[in-house]
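Here are some short exercises to work through with the model open beside you. Try each task before reading its solution.

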Amino acid sequence: MYTLGYDLGSSSIKVALVEIASGKSLAVISEPKKEMNMLSVKKGWAEQDPDDWWTHLCNATKQILKETKVPPDEIKGVGISYQMHGLVLVDKHGIPLRKSIIWCDGRAVDIGRKAFDDLGHDTCAEKLLNSPANFTASKLKWVKENEPDLYKNSFKAMLPGDYIAYKLSGKINTTISGLSEGIFWDFKEEHIASWLLDYYEVNEVLIPEIVATFSDQGHITAKGALETGLAEGTPILYRAGDQPNNALSLNVFNPGEVAATGGTSGVVYAITDNLSVKESSRVNNFAHVNYSPEKMRIGKLLCVNGAGIMYRWLLNNLKITSYQEMNELAAKVPIGSEGVIILPFGNGPERMLNNKDLGAQIGNINLNIHSKAHLCRAALEGIAFSFVYGMEILRADGIKAKVIRAGNDNLFRAPIFSNTIASLINQEIEIYNTTGAIGAARACQLHNGNYAAFGKQIMDNDYIMSYTPSSDKEEYKMAYELWKNELELKLKNN
């Protein structure tokens with residue numbers, strides 16, 4: 001018997017088929033083969049057609065069923081992971097009224113900022129654990145202000161994963177975790193944040209019914225079965241945003257456990273059981289997948305925009321053919337890159353730097369001794385130092401890391417990167433080879449509450465290795481302090 005997992009990203013839809021008994025992945029399929037289209041009508045806008053997501057999901061599902069030859073009636077559950085913070089508005093027939101305003105769309109920044117000031121920073125921090133910022137609630141307010149006729153015809157406001165679940169099951173519902181990522185949830189009152197919706201003059205009836213993250217959320221309809229190839233009646237048993245789901249995929253559920261990813265941007269996602277919001281201007285706080293009012297589990301999300309994109313920029317602009325070659329060049333240079341410093345913050349404003357946009361900066365180059373090898377090492381170290389800087393912010397917000405788990409992506413494959421972080425935070429980093437789609441498929445079993453069996457499957461199938469802290473950390477510390485001093489000087493002068 002099997003479970004199926006979807007991971008709805010902004011570039012593709014991934015689907016994974018997993019054997020229930022062993023947790024082993026039979027296959028992972030991605031559609032489309034090229035990146036999905038993203039519409040940007042104005043600078044800073046980003047939209048996608050929800051029905052394009054559905055088309056690619058159907059194609060990927062049919063493909064994986066054909067490739068694995070698994071009979072649809074042997075699939076006992078569906079899990080869904082999705083790009084966070086998007087807005088999908090549908091009419092009373094469930095038809096999208098406009099393209100989805102997705103996570104990276106910035107049109108509602110000023111709306112969220114004004115709400116934060118008008119409602120009070122302390123009130124927002126205590127109740128929402130965040131500023132309304134550019135999240136889904138603020139995007140909904142933008143629609144009301146700028147597309148009033150469309151707003152009047154809206155029946156429900158959904159997150160991207162809610163829409164996929166609706167297309168499969170015909171039921172419109174959402175989760176507390178999802179509402180928290182949209183900044184619709186009041187953690188103090190343990191209820192929808194009616195006072196925020198009142199301020200935005202948004203009707204609470206637009207918010208879907210709430211279901212548990214791990215629960216029977218609906219069943220594949222005859223239409224959903226016809227379009228996907230799945231069996232009618234198959235239950236949807238799990239749904240979560242991509243960052244909480246990435247943490248789940250790495251078996252990160254409890255206080256002190258931290259999930260890290262190092263792709264184009266980097267993320268540190270740490271679990272806590274307290275509502276500290278000391279760093280709420282630099283860190284986002286969401287209800288984790290296993291959150292309940294009785295068992296507080298908050299995911300503190302710290303993002304480093306300028307991560308893998310910095311390393312990729314060097315790859316594209318130096319005479320280097322691969323990341324492997326870059327890593328080999330970097331390994332020839334000592335810790336600290338003989339003084340070369342790279343601040344990798346060239347991918348827009350950095351929330352952890354209070355939304356300052358420093359741009360990527362390369363400094364201290366001696367034209368007589370430094371080479372492209374030094375740039376490669378300085379880039380890896382600079383990105384690693386950014387993660388360490390972020391961990392210091394999380395520590396100031398009450399996070400005490402006990403275990404750090406990371407996916408086997410480009411940056412964490414580089415020993416210099418992972419060893420630098422492990423040594424500076426004095427914490428082992430465990431590396432796992434998994435995906436969000438596989439995690440979503442396995443999560444279908446958690447409605448039974450057997451977290452021990454879930455974690456064992458991850459260890460048995462995905463664990464690769466661990467990076468342990470160096471016994472001699474002084475060179476790492478010296479290099480980091482020089483980098484940190486340079487960063488804070490730039491921040492002071494910016």
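**Exercise 1. The overall build**

Task: Work out how many helices and strands the protein chain has, and whether its radius of gyration fits or departs from that of a compact globule.

Solution: Start with the secondary structure of this predicted model. The protein chain has 18 helices and 22 strands. Next, take the chain length: for 494 residues, a compact globule would come out near 23 Å in radius of gyration. The protein chain has 22 Å, so the two agree. For the outer dimensions, the C-alpha atoms fill a box of roughly 70 × 55 × 45 Å along the principal axes.

**Exercise 2. Inside, outside and charge**

Task: Find what share of the residues is buried, and what carbon and sulfur supply of the exposed surface.

Solution: Begin with the inside: 59% of the 494 residues count as buried. Then go to the surface, where the protein chain exposes about 19900 Å² and carbon and sulfur atoms supply 49% of that. Now look at the contacts between residues at least 6 apart in sequence: 74% of them join residues at least 24 apart. Last come the charges, with 51 positive and 57 negative side chains. The centres of those two sets lie 2 Å apart.

**Exercise 3. Two cysteines**

Task: Explain why cysteine 58 and cysteine 444 do not bond to each other.

Solution: A quick reminder helps here: a disulfide is a covalent bond between the sulfur atoms of two cysteines. Take cysteine 58 and look for the closest cysteine sulfur; that one sits in cysteine 444, 17 Å away. The cut-off for a disulfide is 2.5 Å, so 17 Å is too far for a bond. Run the search from cysteine 444 and you land back on cysteine 58, again at 17 Å. As for their surroundings, cysteine 58 is buried at 5% relative accessible area, and cysteine 444 is buried too, at 1%. The count for the model comes to zero disulfides.

**Exercise 4. Backbone oddities**

Task: Say where the cis peptide bond between glutamate 31 and proline 32 falls, and where isoleucine 183 and asparagine 426, with their positive phi, are placed.

Solution: First, the background: most residues other than glycine have a negative phi, and most peptide bonds are trans. Step one is the cis bond, which joins glutamate 31 and proline 32 with omega at about -5°. Proline 32 belongs to the loop between strand 3 (25-31) and strand 4 (47-48). Step two is isoleucine 183, whose phi is near 60°. Isoleucine 183 is in the loop between helix 7 (176-181) and strand 10 (185-186), and at 0% relative accessibility it counts as buried. Step three is asparagine 426, with phi near 55°. Asparagine 426 lies in the loop between helix 15 (415-425) and strand 21 (429-432).

**Exercise 5. Alanine 137 and its contacts**

Task: Find which residues alanine 137 contacts beyond four places in sequence.

Solution: Start from the address: alanine 137 is in helix 4 (residues 136-146). With 2% relative accessibility, alanine 137 is buried. Its contacts beyond four places in sequence are Gly182, Ile183, Phe184, Leu196 and Tyr200. One of these, phenylalanine 184, is 47 residues away in sequence, yet the C-alpha atoms are 6.4 Å apart.

**Exercise 6. Tryptophan 195: buried or partly exposed?**

Task: Classify tryptophan 195, then check its place and its contacts.

Solution: The relative accessible area of tryptophan 195 is 21%. Buried means under 20%, so tryptophan 195 is partly exposed. Its place is helix 8 (residues 194-200). Beyond four places in sequence, tryptophan 195 touches Leu119, Thr123, Cys124, Lys127, Leu128 and Asp186. For leucine 119, the sequence separation is 76 residues and the C-alpha distance is 9.3 Å.

**Exercise 7. Threonine 174 and valine 340**

Task: Locate threonine 174 and valine 340, and say which residues each of them contacts.

Solution: Threonine 174 is in strand 9 (residues 173-174) and is buried, at 0% relative accessibility. Its contacts beyond four places in sequence include Leu159, Asp162, Pro208 and Arg239. Valine 340 is in the loop between helix 12 (323-330) and strand 18 (341-343), and is buried at 5%. Among the residues valine 340 touches are Gly363, Ile365, His370 and Leu375. Finally, compute the span to tryptophan 53, which is 287 residues away along the chain: the C-alpha atoms are separated by 44 Å.

Conventions:
Residues are numbered from 1 along each chain as its sequence is written. This is a predicted model: local features need pLDDT of at least 70, side-chain atom pairs count only at pLDDT 80 or more; totals for chains, interfaces and linings use all residues. Side-chain values use heavy atoms; hydrogens and water are left out. Helices (H or I, at least four residues) and strands (E, at least two) are DSSP runs, numbered from the N terminus. The radius of gyration is taken over C-alpha atoms; the globule rule is 2.2 Å times the number of residues to the power 0.38. Buried means under 20% relative accessible area, exposed over 50%, partly exposed in between (1.4 Å probe, protein chains only). Contact means heavy atoms within 4.5 Å. Accessible areas come from the Shrake-Rupley method with a 1.4 Å probe; for residues, only the protein chains shown count as cover. Lys and Arg count as positive and Asp and Glu as negative; His and the chain ends are not counted. The place of a charge is taken as NZ of Lys, CZ of Arg, CG of Asp or CD of Glu.
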